[in-house]
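Colleague: Got a minute to walk me through this one? I'd like to get my bearings before I set anything up.

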Amino acid sequence: MKRTILWSLVAAGSILLNSCNKWLDLQPQDGITRAEFWKTKEDVHAALIGIYSSLNSGPVEQQLFTWGELRADLVGLTSYATDDNRLVKNYNILSTNVIADWSAIYTAINNCNLLIDYAGQAKQADPTFTEAEYNTDLGEALAVRSFLYFYLVRTFRDIPLKLKGTSKDTDIVSVGQSTGDEVLKQIEKDLLQALDWIPEYHVNTSGYNATNTGRVTRPAVRAMLADVYLWLEQYDKVEEQTTKILETGRYSLIGAALPEIFDGGTMETIWELSHKNSSENPMYNIGVTARRPFTANVDILNNEIFPSNEGTDIDLFDSRGEGILYGMSGDLRKYGTESPDYYNFQLYRVSDVMLMRAEALAELGRGTEALALLEDLRTKRKAIRATDPNIEATDLEGIILFVFAERARELTFEGKRWFDLLRLAKKDNYANINVLVDLVTKVVDANVRQSAINKVRDVDSHYLPILETELFKDKQLKQNPFYLK
Amino acid sequence: MKRNFRKQYWLIGTWFVLSVALIFSCQKEKYRISTSDEVNITGYLEAHETDYSLLTEILYRSKTAGYLGAYGTYTLFAPNNESINAWIKDNGKTGLNDFTDAQLLDFVKYHVVRDTVGSTRFTDGKIKTASLLGEYLYTDVQNGIYRINKSAKIIRSNISCGNGIIHSINKVLVPPAQSLAELIGNNPRYSIFAEALKETGFYDTLYYQRGVAVADAKRFQTAIVESDSVLQLQGIKSYADMKAAYSQTGDVKSHKDSLWLYVAYHLSNDIKFLEDIVAANTIYTLAPKEIISTKLLGAQILLNDDVFNGVHEAGAEINRSQSDVLASNGVLHEAKQPFKIKVRQQVPVYFDIATSPELVNALGSAYFNSSKALVANGATIANSFAFNSLTVSTIGTNGYYYYKALETKRPYANGDLLSLSLCANNSARAKWIEFKTPYLVKGRYKVWICYAQHGDAPEIQATFNPGKGDEQILPNTIILNQSLTASGVSDLANANADNLMLAQGYKRYMATVGDYNANNITGGLKAKSGSEAPLNVGRLAGIINVETTDRHVIRFEAIKDKKCGSNTVYLDMIQFIPADDLEQNYPRFHQISGELFYRPK
């Protein structure tokens with residue numbers, strides 16, 4: 001009897017002890033913890049691809065598009081647009097307007113930060129993780145983060161500059177707010193670092209390759225740097241970076257504008273957000289489908305951006321105009337034509353680089369070269385006489401305006417127009433603020449037009465407010481003074 | 001013994017439980033009795049007494065603290081203590097005690113709007129709901145900051161409270177002291193116009209004193225005046241000059257006198273800020289049946305800047321910096337150039353409905369080029385026409401069409417037409433379409449509907465200015481599946497066919513073989529007879545009486561279906577020809593734009 005009890009106790013004990021192992025060790029069944037991750041180069045690479053997929057999952061693209069287009073003149077609203085969108089268009093923005101929601105961007109930035117923080121662990125643990133591979137991964141994360149910060153700083157100016165990852169609750173600390181200048185300095189520093197680390201290309205081929213355009217390469221970093229230097233009005237550096245991009249000979253215009261350029265798969269693309277064999281392009285639902293909230297401002301586009309060639313040859317038309325890149329009823333065909341839509345989202349194309357370069361050259365007094373670049377682009381795109389201002393190489397101001405007009409034609413709907421206009425307006429201490437006044441006069445509803453004109457003269461109003469909920473979460477954030485009144 | 005112990009155990013237990021229950025039952029349980037923690041307006045002001053102690057005192061003195069503390073929908077423009085102190089000083093008083101309760105009540109009334117008006121609803125004009133005092137507040141923006149009545153700046157906007165919104169302002173709002181009459185009369189810029197006001201008797205019309213009852217329709221007025229310097233450029237250096245220039249009867253108080261009409265033409269009922277003037281397109285003036293047309297070009301507001309009969313007439317621009325001046329009974333604007341009633345002769349208007357300026361603008365490159373749907377993105381592409389419903393499933397079939405190649409079967413004036421899907425009884429199709437006409441000078445007109453026949457087309461009825469005071473239903477239904485032979489004239493080649501058809505209310509409107517054209521165009525002419533000849537029909541819908549020279553509305557409603565199909569209505573033109581004009585047949589039109597054909601010589 002006693003023996004039976006003893007044995008049964010032993011048996012029960014052994015079961016209990018063993019089972020305790022599992023009881024006390026709680027591992028998620030459908031995921032992987034940080035301690036288990038960051039062990040091999042494959043882990044780091046997976047994290048890098050994760051960064052790219054946080055970019056093409058939808059909200060990031062939508063926000064880049066709305067920040068870059070909604071306040072400008074080329075995109076209008078349909079009856080399916082929200083009131084918040086309408087208020088933005090009418091320059092009547094409160095700190096509760098969802099246009100100021102930056103969460104999607106900061107989420108992607110956090111993914112970059114995590115890679116930057118933890119890739120070192122994997123480097124130590126995995127002896128096959130070469131220095132070059134490590135640098136490439138780190139450099140791409142830095143470049144993507146800088147790219148996102150560049151959009152944020154142009155949209156909000158003073159923003160929290162978070163350079164450390166957040167993976168658990170205790171990581172959530174307020175970093176306060178950095179001024180726009182500080183953020184731009186950090187972006188420049190990071191991009192120059194990334195330039196050293198990222199190779200010219202990922203796959204050695206002379207033709208189009210989805211890996212080379214879908215991931216950041218050195219020319220893509222140079223394009224970002226050129227963009228940043230234009231914003232900072234450091235034109236000699238723009239010239240330097242764009243020279244190096246064009247020198248590679250890897251990128252060229254395909255000629256007349258075709259949907260393929262935007263579908264993905266031509267020699268024009270330097271960097272794009274790829275949707276091929278991946279998630280659908282979210283822009284279809286907001287810019288292409290019949291019930292879309294955003295629509296091409298066909299009126300302004302057809303009269304000011306792509307006027308018809310009256311007086312010379314009415315049958316000639318610009319290959320980027322109505323019927324090709326936007327429909328008569330305003331569908332944005334750059335983002336696809338049918339559902340499901342797997343068009344890529346173009347971030348930098350060689351034409352963008354050519355125009356950045358032309359602008360810099362004009363600013364540096366090299367008008368002839370600038371005009372030659374414009375001429376090259378316009379000939380290939382079948383631009384028409386009606387949009388050629390026919391100016392002298394010595395008329396540098398005229399050339400610069402010509403470049404901006406050409407950017408409107410070449411980069412229509414690509415999330416760049418508002419930043420172009422703002423860049424032109426703020427140049428030389430807001431010497432051209434009338435650019436924005438004219439813009440507002442053109443797009444704002446008649447009953448609030450005077451108010452909008454008087455608001456846009458306040459330079460703080462060019463930047464969006466910090467969303468009310470963010471102010472509530474982080475007491476260190478200071479609202480843009482324009483939105484305090 | 002054992003039993004005893006057990007009993008005590010239970011006893012102690014029971015006592016313990018009871019005492020615990022008693023102790024806790026004494027604590028009052030807290031229930032949440034409010035639905036929200038948000039304070040109401042009065043509560044907010046009381047909680048922020050460093051800024052609003054004086055305003056709170058005013059609310060209590062005027063017995064409105066309870067009103068603004070109760071639930072409702074209010075907007076309060078809250079002046080801070082500093083501004084109220086300045087206001088007290090401005091009134092030559094030393095403290096709030098020097099004001100009567102009634103004065104303070106008026107003060108509060110002028111600062112409260114009975115609606116929740118956040119800054120997103122501010123425009124370049126009045127707040128659409130009047131303040132409780134019955135007078136409107138005006139909003140605009142200066143240096144990026146919202147202002148009220150062009151004086152008080154908003155320091156903090158959109159403070160949301162349980163019963164509305166507070167906007168904190170840095171200056172007390174004072175209702176305008178002067179009426180329109182005084183505003184004009186006391187301003188040396190307007191001495192000539194002011195004298196004309198007095199002489200013509202309009203000074204009294206524009207005069208108002210608070211507390212004096214006025215008919216609702218005349219409570220607010222709008223005046224657009226010309227300054228002396230503007231008039232002097234016209235050679236009018238004094239009132240005497242003005243009277244000499246305009247008054248033809250000498251009795252300037254007479255409603256027949258041109259000076260009286262001139263002054264009346266500058267005034268209108270109701271309060272119209274520049275924003276309202278732009279939105280309305282027209283101002284109905286005190287001069288009977290005379291209107292001013294308005295137009296917004298970028299930031300410029302132009303009066304009477306019209307294209308009339310193909311000729312652009314430059315208008316007068318509003319001087320913004322001297323406009324939107326608030327008076328106790330309205331608003332005053334100033335024009336940079338003089339404007340007056342235009343004396344116009346009745347002229348025929350040949351309205352190619354695909355060629356209204358708004359539609360041409362919206363058509364863009366499709367105009368005279370290709371076809372385009374009239375409805376896109378759930379809205380008509382131009383505001384010059386409208387359908388009864390934009391949600392019917394076939395709305396997208398209504399379109400603008402253009403034919404370049406000359407033809408003789410169904411040619412269209414200027415090559416374009418509107419091809420519509422209208423049915424009387426079909427939930428999938430629109431029932432009516434209406435158009436804004438070009439300017440029609442007042443008078444009587446014959447209305448000709450010009451269409452191309454389609455065998456399945458419905459019968460439509462035309463209505464002039466539907467739903468308005470001068471609505472007129474045109475008597476003849478237009479049976480769109482009938483051709484010219486419906487006139488009863490079977491031999492169209494007959495030399496007298498045109499006159500016979502005219503007598504029945506039919507006519508050819510497209511160029512026909514034999515008609516005279518200055519450019520000798522011969523292609524694309526309709527045959528005089530044969531199967532193609534009767535397919536382009538001009539049908540007299542009836543005679544209308546246009547009471548004001550303005551753009552009006554004409555509606556075509558399907559009243560009977562033949563075989564309800566898509567795109568069976570081929571509308572080409574509407575011709576308004578003065579009723580007593582003897583020439584109702586010519587000119588005729590051609591596919592080539594601008595080519596007119598006249599009676600054979």
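Modeller: Sure. One term before we start: strands here are DSSP runs of E, at least two residues long, and they are numbered from the N terminus. With that numbering, B:Tyr138 is found in the loop between β2 and β3 of chain B. Also keep in mind that this is a predicted model.

Colleague: OK, so is B:Tyr138 buried or exposed?

Modeller: B:Tyr138 is buried: there are 24 other C-beta atoms within 10 Å, and the cut-off for buried is 20 or more.

Colleague: What does B:Tyr138 touch, leaving out residues up to four places away in sequence?

Modeller: Among them are B:Gly125 and B:Lys126, B:Asn149 and B:Lys150, and also B:Phe273. B:Asp324 and B:Leu326 are on the list as well.

Colleague: And how far is B:Tyr138 from B:Cys564?

Modeller: They are 52 Å apart in space, C-alpha to C-alpha, with their positions 426 residues apart in sequence.

Colleague: Let's move on to the strands. What order do they take in the open sheet of chain B?

Modeller: There are 6 strands, in the order β2-β1-β6-β5-β4-β3, and the pairing is mixed. β2 (112-113) and β3 of chain B are at the edges with a single partner strand each, so each has one side without a neighbour in the sheet.

Colleague: Which strand does β3(B) pair with, and in what sense?

Modeller: β3(B) pairs with β4 (residues 145-148) of chain B, antiparallel, over 4 bridges. B:Gln142 is opposite B:Ile145 of β4(B). The two strands form a hairpin with 2 residues between them, and there B:Asn143 has a positive phi near 50°.

Colleague: Which strands of chain B run parallel, then?

Modeller: One such pair is β1 (residues 74-79) and β6 (residues 164-169) of chain B, joined by 6 bridges. B:Phe77 faces B:His167 of β6(B) across that pairing.

Colleague: Switching to the dimer side. How many residues of chain B are in contact with chain A?

Modeller: 31 residues of chain B, and they meet 29 residues of chain A. On the chain B side, β3 (139-142), β5 (152-161), α13 (274-280) and β18 (372-373) each supply at least two residues. β5(B) gives the largest share, 5 residues.

Colleague: What's the mix by class on that side of chain B?

Modeller: 13 nonpolar, 13 polar and 5 charged residues.

Colleague: I was looking at α19 in chain A too. Why is α19(A) described as largely enclosed?

Modeller: Because 8 of the 8 residues in α19(A), which spans residues 449-456, are buried. Even A:Arg449 and A:Lys455 are among the buried ones. The cover over those residues includes α18 (434-443) of chain A and, from the other chain, β3 of chain B.

Colleague: Does a record say anything about that stretch of chain A, or rather, what feature does UniProt place at residues 341-483?

Modeller: The UniProt entry, which is unreviewed, gives "domain: RagB/SusD" for residues 341-483 of chain A. That span is 57% helix and 3% strand, and its end C-alpha atoms lie 38 Å apart.

Colleague: Last thing: what domains does the assignment give for chain B?

Modeller: Domain 1 is 41-169, domain 2 is 180-335, and domain 3 is made up of 349-493 + 511-526 + 539-597. The C-alpha centres of domains 1 and 2 of chain B are 33 Å apart. In that pair, 8 residues of domain 1 are in contact with 8 residues of domain 2. The domain 1 side has 2 nonpolar, 3 polar and 3 charged residues.

Note on methods:
Residues numbered from 1 in each chain as written. Chains lettered and ligands numbered in written order. Predicted model: local features only at pLDDT ≥ 70, side-chain atom pairs only at ≥ 80, totals over all residues. Contact = placed C-beta atoms within 7 Å. Nonpolar A, V, L, I, M, F, W, Y, C, P; charged D, E, K, R; others polar. Pairing = 2+ DSSP bridges. UniProt positions renumbered as here; feature names shortened; annotations may be inferred. Buried ≥ 20, exposed ≤ 12 C-beta atoms within 10 Å, placed from the backbone. Domains from an automatic or database assignment.
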